[in-house]
2 protein chains.
Amino acid sequence: MDLELSVDRESRVSLHEQIKTRIAGMIYEGVLPAGKKLPPTRALAKSLGVNRSTIVAVYEDLIADDLLTARVGSGTTVASRLEKSGFLPARLPLNWTDIFTVTPRFEMNSLIRDTMAVCAHPELIMFANGIPSPRLYPEEDFRRIFNDELISGRSKLFDLLPSGGYPPLLELLTAKSVRAANSTTVDEIMITSGSIQGLTLISRTFLEPGDLVVVENPTFFGALQSFTAVKARLLFVPTDKDGMRVDVLEQIISRHHPKLIYTIPSFQNPSGYVLSLERRKQLLNLVHRFSIPLVEDDPYSEIYFSNQPPPPALKRLDRFNHVIYISTFSKILFPGLRVGWLQAPRTVIERLSQAKVLYDLHTNTPGQIAIQRYLALGRMEKHLQTIRAAYAEKMAAMEEALQTHCSSCLEWRQPSGGYYFWCRLPQGLNSRDLMAALFREGVAILPGEAFYPGSEGGSWFRLNFTFPDSEQIEKGVAIIGRTINRLSSR
Amino acid sequence: MDLELSVDRESRVSLHEQIKTRIAGMIYEGVLPAGKKLPPTRALAKSLGVNRSTIVAVYEDLIADDLLTARVGSGTTVASRLEKSGFLPARLPLNWTDIFTVTPRFEMNSLIRDTMAVCAHPELIMFANGIPSPRLYPEEDFRRIFNDELISGRSKLFDLLPSGGYPPLLELLTAKSVRAANSTTVDEIMITSGSIQGLTLISRTFLEPGDLVVVENPTFFGALQSFTAVKARLLFVPTDKDGMRVDVLEQIISRHHPKLIYTIPSFQNPSGYVLSLERRKQLLNLVHRFSIPLVEDDPYSEIYFSNQPPPPALKRLDRFNHVIYISTFSKILFPGLRVGWLQAPRTVIERLSQAKVLYDLHTNTPGQIAIQRYLALGRMEKHLQTIRAAYAEKMAAMEEALQTHCSSCLEWRQPSGGYYFWCRLPQGLNSRDLMAALFREGVAILPGEAFYPGSEGGSWFRLNFTFPDSEQIEKGVAIIGRTINRLSSR
């Protein structure tokens, strides 16, 4: 017999899939009834102009799907038990991508995806990510906490919680241990599953498509993704060594009346800049004057060096409750617990914790309880001192390595806290090319593009110094220096 | 001096807040310059017609805010250090509710909120929620797992994970222990933070405002909320004892061409109905014929009684990959871990796990690792047998109690699995009134309204039998019988 079949060689669908789908369709549609013999693989392959192995594989798949039967001596036939099973003819497979939301609510930057793929190689010297050193995890304390919790009879560790968070943890966060806490009450704070959830809750609660959001240039890519996922438009305000240029912000506000302003005032990601106290006051004056909510993203302010904390959080200076403050335990304890928090006026907390029900009902209980116990035991301050000292040392190691290997080819500013060096390449070099070249040498960096709209960030890249150890820092930065010089000399 | 002040007694803002805000505003605006003396509390109270204690409290607040200074002998004056602080005049406080998204993306059903508030009373006999019995938590196994994990040197328990989930857990879920797994590969499965996150990821990925979704009538309120949060419109298909009326569904599809169909085929929430095998086949034939994605929500299928599992999952019967399957460990292990999973074609998994990055980056690591270890130890099957037996016993206790106390006033069908009895009141009685009356008697139920659009569910209510113990079941159902009879006799 001949099959009424043809293939489309231009299609994104493989030949295998095309042929398989069509034959399955003909079986379901009854064009090929039960018991019908199919053409030999060689004959079908020839008539379609494909390799015989393709047809063999298709027949095998259809046999595995119970659509065909192979009998020695009688070739391949349409399975007979099909009608009895109660299944009726079906149309072609669903083309899922056709039915995704037309204007994707989330566009993943391909660069971030590439970098995440890169980060999956554990043998790389890893400067690309933004996570703490696993060697500094207070594991022993948490082992004891989990153990005590679970041994003491009926544990609460697995129970459901209110969507706003575990009440004793909220209490502790208002009472102390939070830099921003400013006579906050429990109804002005909630727990989030990492600070990215805080950003996305804010986006969905405040931003309609087309709304304007002011962000620093450069800034954290997760914020850029979160705002653009709800189709907000971004306005970029430049930064200098003292952080956001508040004078430029004023012009932007007067002209565009944005819906929201987003800032990372302390040890900014990626630049490391600290917004000066003077500018913090100016910034608050502006948002008060123009009645604009200010989102303060503050994951790094506890990681300061030389005993020099950054100026008080904007939330603490804010007399008129215009600031929504978000932070996380991911940078000071463990990233895998997914516990962050958000401080805002009560009205906002109410709305956001209602919205959170649909995100994950509540943040996982073991993480919240373990952190609450840890804070209650008074362990946090000592731990912060430990990691400040350790990260200051790593920062110094990276500064020294950069001075040794890169002083002629890179510009950077030594950070006074946080997680990152923000480095500028000489003209003519692109950080995405550098990333590719370094990947082959076993070093991962994060190109500046991730933090800028379009390709503005091409001259920049970010180096994390908290995750690698000091030897890796020296070795990796030496490779960076050599690689830049090699690329420059081309 | 006199202050230019007035108060609005109709306002939702308290008098205290109005007066405080206005005086603060006058200070910031310079109307009240530094050093200016404020009127005595008694005089101001009189001129505004408010209690003197209100003014005293306002002055105290403003002193605490450093806006006023109290000096013995010279009364209360505007603080002088204000201008020096660098803060400028501000406008009135932000009215946050004015700037929330105009058409709320999430409307929390007030009934659900009331019920959640009710559930916060631990002394109630709790038939209203849908959680497992904490007495059946396999706590000892999990204590050992956490302990072993944390004692063995460098633990992975706190590390960052890929957004799709902990790879060894994905492997185990594809290999076995999942009823729906049908030669699934790891790229066709992902971990979600509870099944509600799966629903919300699906809503955001497939539904534009105005898109049509078919749901069973009645159905799980979380699904209703998730779909309406993206402004989808709902189409309701009736159910009978064999589950969704697939014949009616066919008419709905022909007429409306919905974007998505949502079903809970096994031990449906709230009705307890099981979709028959015959109807499962018909339903799949329909979605195949019309190329419509089918969302199968399957949290209860492992909780079956009398050794009678429900028919195979739709996902398992689905030859053309039209089904997105979601489930959770919340009903069989612990609700507080927030670990669920989702099975779908690879294209869909890719898209959903990208979107998940903005929800919580990934599901918490301790929960994923602990469950993976538990499954790897082969503990699940035994545990499922234990909870099936225990819940069958509680179900029988509730059936007996209903027969004893409610046979004359309620209609219900004994469930063959799942978590709930779905009960119908005699005409003239409303389940919301019953809830209120029962609350006063120390019993919590969930009125049918939660599961129906509008107020259709007024005759129905849902009773959970997994959480309360057998004594509470007998006592609570007796109270329900008495209360219904009392309400009927009015």
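**Exercise 1. A sheet in chain A**

Determine the sense in which β14(A) and strand β15 (residues 460–464) of chain A pair, and place both in their sheet.

Solution.
- Step 1. β14(A) and β15(A) pair in the antiparallel sense, over two bridges. Strands pair if DSSP finds at least two bridges between them; strands (E, at least two residues) and helices (H or I, at least four) are DSSP runs, numbered from the N terminus.
- Step 2. Across this pairing, A:Leu446 stands opposite A:Arg462 in β15(A).
- Step 3. The open sheet has three strands in the order β12-β15-β14 of chain A, with antiparallel pairing.
- Step 4. β12 (420–424) and β14 (446–447) of chain A are the edge strands, each pairing on one side only.

Basis for all exercises: the model is predicted, so local features need pLDDT of at least 70 and side-chain atom pairs count only at pLDDT 80 or more, while totals for chains, interfaces and linings use all residues. Residues are numbered from 1 along each chain as its sequence is written, and chains are lettered from A and ligands numbered from 1 in the order in which they are written.

**Exercise 2. Around β8 of chain A**

Which strands pair with β8 (residues 260–263) of chain A, and are the residues on its two faces buried or exposed?

Solution.
- Step 1. Strand β5 (residues 212–217) of chain A pairs with β8(A) in the parallel sense over two bridges. Here A:Val214 has A:Ile261 as its bridge partner.
- Step 2. Strand β9 (residues 294–297) of chain A also runs parallel to β8(A), joined to it by three bridges. A:Ile261 stands opposite A:Leu294 in this pairing.
- Step 3. β8(A), helix α11 (residues 277–290) and β9(A) make a right-handed β-α-β unit. Right-handed means that, with the strands pointing away from the viewer, the path from the first strand over the helix to the second runs clockwise.
- Step 4. A:Leu260 and A:Tyr262 on one side of β8(A), and A:Ile261 and A:Thr263 on the other, are all buried, and both faces are covered. A residue is buried if 20 or more other C-beta atoms, placed from the backbone, lie within 10 Å of its own, exposed if 12 or fewer, and partly exposed in between.
- Step 5. In the loop between β8 and α11 of chain A lies A:Pro270. The peptide bond joining A:Asn269 to A:Pro270 is cis, with omega about 15°.

**Exercise 3. Backbone details in chain B**

Locate the cis peptide bond at B:Pro218, then the positive phi values at B:Gly73, B:Lys231 and B:Asn307.

Solution.
- Step 1. Omega is near 5° for the cis bond from B:Asn217 to B:Pro218; B:Pro218 lies in the loop between β5 (212–217) and α9 of chain B.
- Step 2. β1 (residues 68–71) and β2 (residues 75–78) of chain B pair in the antiparallel sense over four bridges, and B:Thr69 stands opposite B:Thr77. Their hairpin has three residues between the strands, where B:Gly73 takes a positive phi near 90°.
- Step 3. B:Lys231 is not a glycine, yet has a positive phi of about 65°. B:Lys231 is found in the loop between α9 and β6 (233–240) of chain B; with 15 other C-beta atoms within 10 Å, B:Lys231 is partly exposed.
- Step 4. B:Asn307, likewise a residue other than glycine, has a positive phi near 60°. The loop between β9 (294–297) and α12 (314–317) of chain B holds B:Asn307, which is exposed, with 8 other C-beta atoms within 10 Å.

**Exercise 4. The two chains**

Describe the side of chain B that touches chain A, and why the copies meet through the same surface.

Solution.
- Step 1. Contact is made by 78 residues of chain B with 77 residues of chain A; residues are in contact if their C-beta atoms, placed from the backbone, lie within 7 Å.
- Step 2. Elements of chain B that give two or more residues to this side include α6 (139–151), α11 (277–290), α13 (346–360) and α14 (365–376). The largest share, eight residues, comes from α13(B).
- Step 3. By class, this side of chain B has 38 nonpolar, 23 polar and 17 charged residues. Ala, Val, Leu, Ile, Met, Phe, Trp, Tyr, Cys and Pro count as nonpolar, Asp, Glu, Lys and Arg as charged, and the others, Gly among them, as polar.
- Step 4. A turn of 180° and a shift of 0.2 Å along the axis lay chain B on chain A with an RMSD of 0.3 Å. The two copies are therefore related as by a two-fold rotation axis. The superposition is by least squares on C-alpha atoms of residues with pLDDT of at least 70 in both copies.
- Step 5. Of the interface residues of chain B, 99% are also interface residues in chain A, so the copies meet through the same surface.

Notes
Two residues are in contact if their C-beta atoms, placed from the backbone, lie within 7 Å.
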